[in-house]
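Colleague: I'm new to this one, so please give me a close look at a single part, the largest pocket. Then tell me how the rest of the chain fits around that picture.

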Amino acid sequence: MNQLHTPNASRNQETDRLSFMRQVSRPSSDRVLRGGLSRCQIGPNSGPISIFSMRPCTFSSVSALKKTTARRAALALLAAALLPATTAAPAFAATHDDNPDRKKAKPPAVMSSVGGAQLAKPGTQVLLGPGAPVLPKSVSGRSWIVADAESGDVLASHNAHWRLPPASTMKMLFADTLLPRLPKTTAHEVAPEELAALGEGSSLVGIKENHTYTVHDLWLGVFLRSGNDAVHVLAAMNGGMPKTIADMQAHAAELQALDTKVVSPDGYDAPGQVSSAYDLTLIARSGMQKKDFREYCSTVSADFPGEQKKGKKRETFKIQNTNRLLTGASGVTPYKGIAGVKNGTTTQAGSTFTGVAERNGKVLLVTVMHPESDESMAVYKEASRLLDWGFAAAGKVTPVGELVPPASARPATSPAPEPVKNDAGKDGAAEPVAASQTGSSGMGVALSVAGAVLAGLGAAMFLLRRRWPLPDRSRHEPRP
């Protein structure tokens, strides 16, 4: 197998190897070949063996004094066993694994079949037609999905129903559940106990106890700064954490996001808290039907209330969206046509991102969970590659599944979806919760997103292929 290496790395490895070999075998010769590829020749009858070869080196008998023959022979055998492992090197820095001994996570053999039987299979699922581009190779997410936001067609996926920690993308479900319940003009004074249970290292927008904020302010803190403090205050306004968790779980069940188990509404790492690329995409599709949701998730920057000093006008400070595809921060190129939705990063979840973008009248949703690449800002770059592929492949692939409508929108003759089959006991996920009796309100649908518009208790009308204007993002762009 031909492999490339830098001369310095090769010489350093050759030096280390020769030092070791001189102690055990006294090789008759060693040499460094042109181009930096180092080879050794052990014993008079052995051929040249590349130290980068996957073949094990072989050794001839070692000449030594009789009193040390046994010891040297043992060392030689040990060297023969260890040499391939100690001398093999990666071909390219991009594929280098700094921790080759780490345990690689594997998806369950069988997952949920919500959205189609093919989505229950592990691995990449795609059906390319004539003229369709191949999927990008530089995508390392444990789970991802590309879907048509209008029709609900899943264009391609990879372990779509793998239940993984979602990080702050869980805030999409939080917002989709609570936005219709709390009027944005409502003012609320923050009590100290509402900020008492924030997890260590939580992302914060900077809310201060005993200060007053409007619901509009708090949602800006949730969407732009991913503020766990804003989530906790809004949850308190909704009746407290236990009620909010129950409301979110019921809404997830209504959306048929049955891979999702809510433990912490802000997405902070918690035992058993999971979702999937499929569910996060369903949730984003539902959220984008709400005008306020669309506006908040597409806002690049805003002024946020600061400290209130007695006798003075209240201070404000600027906050910016943490979605790098929207802002172009941290060296990430802004994605043309991006209009939300949410990113997140925690220790257990790694990086997770769900985005929606429009190009030439086509609107796509993409979710990437836990990239394993060492590439900087990998979750955004992989999402960009998948969106590029999706726009190029639209109309040239056979869908591998669909984003299902909410449970209350399912015709009476349709069978209920199969429950989640993957090992719920291992990831701590609970059985699906009964369908919500509350439903979503609000009729604003943008970005060509189709979905359920629930009216009343449990009744719904599922709308497909309706066109709506994009949010006016020009009002939200940061000023130079």
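Modeller: First, pLDDT is the predictor's confidence in each residue, from 0 to 100. This is a predicted model, where local features need pLDDT of at least 70, side-chain atom pairs need 80 or more, and totals for chains, interfaces and linings use all residues. Residues are numbered from 1 along the chain as its sequence is written, and side-chain values use heavy atoms, without hydrogens or water.

Now your pocket (on a 1 Å grid over the protein atoms alone, an open set of points where a 1.4 Å probe fits, with protein on both sides within 12 Å along at least five of seven lines). The largest one holds about 480 Å³ of space, counted as the space filled by probe spheres set on the points. Its lining (residues with an atom within 4 Å of a point) has 35 residues, and nearest the centre you'll find Gly 344, Thr 345, Thr 346, Gly 350 and Ser 351. The elements giving two or more residues to that lining are β12 (338–346), β13 (350–359), β14 (362–371) and α10 (378–393). β12 gives the largest share, 5 residues. By type, the lining splits into 16 polar, 12 charged and 7 nonpolar residues; Asp, Glu, Lys and Arg count as charged, Ala, Val, Leu, Ile, Met, Phe, Trp, Tyr, Cys and Pro as nonpolar, and the others, Gly among them, as polar.

Stepping back, the chain has 11 helices and 18 strands, read as DSSP runs (H or I, at least four residues; E, at least two). Of its 480 residues, 50% are buried, meaning under 20% relative accessible area (1.4 Å probe, protein chains only).

Two helices show that burial nicely. Helix α3 (residues 170–178) is largely enclosed by the rest of the structure, because 9 of its 9 residues are buried. That run includes Lys 171 and Asp 176 alongside Met 170, Leu 173 and Phe 174. Helix α4 (residues 215–225) is mostly covered too, with 9 of 11 residues buried, among them Asp 217, Trp 219 and Phe 223. Right after α4 comes Ser 226, with a positive phi near 55°.

As for confidence, the chain averages a pLDDT of 75, and 64% of the residues score at least 70. Residues 419–470 stay under 50, and the model gives them 128 contacts (heavy atoms within 4.5 Å) beyond four places in sequence. Residues 472–480 also stay under 50, with 14 such contacts.
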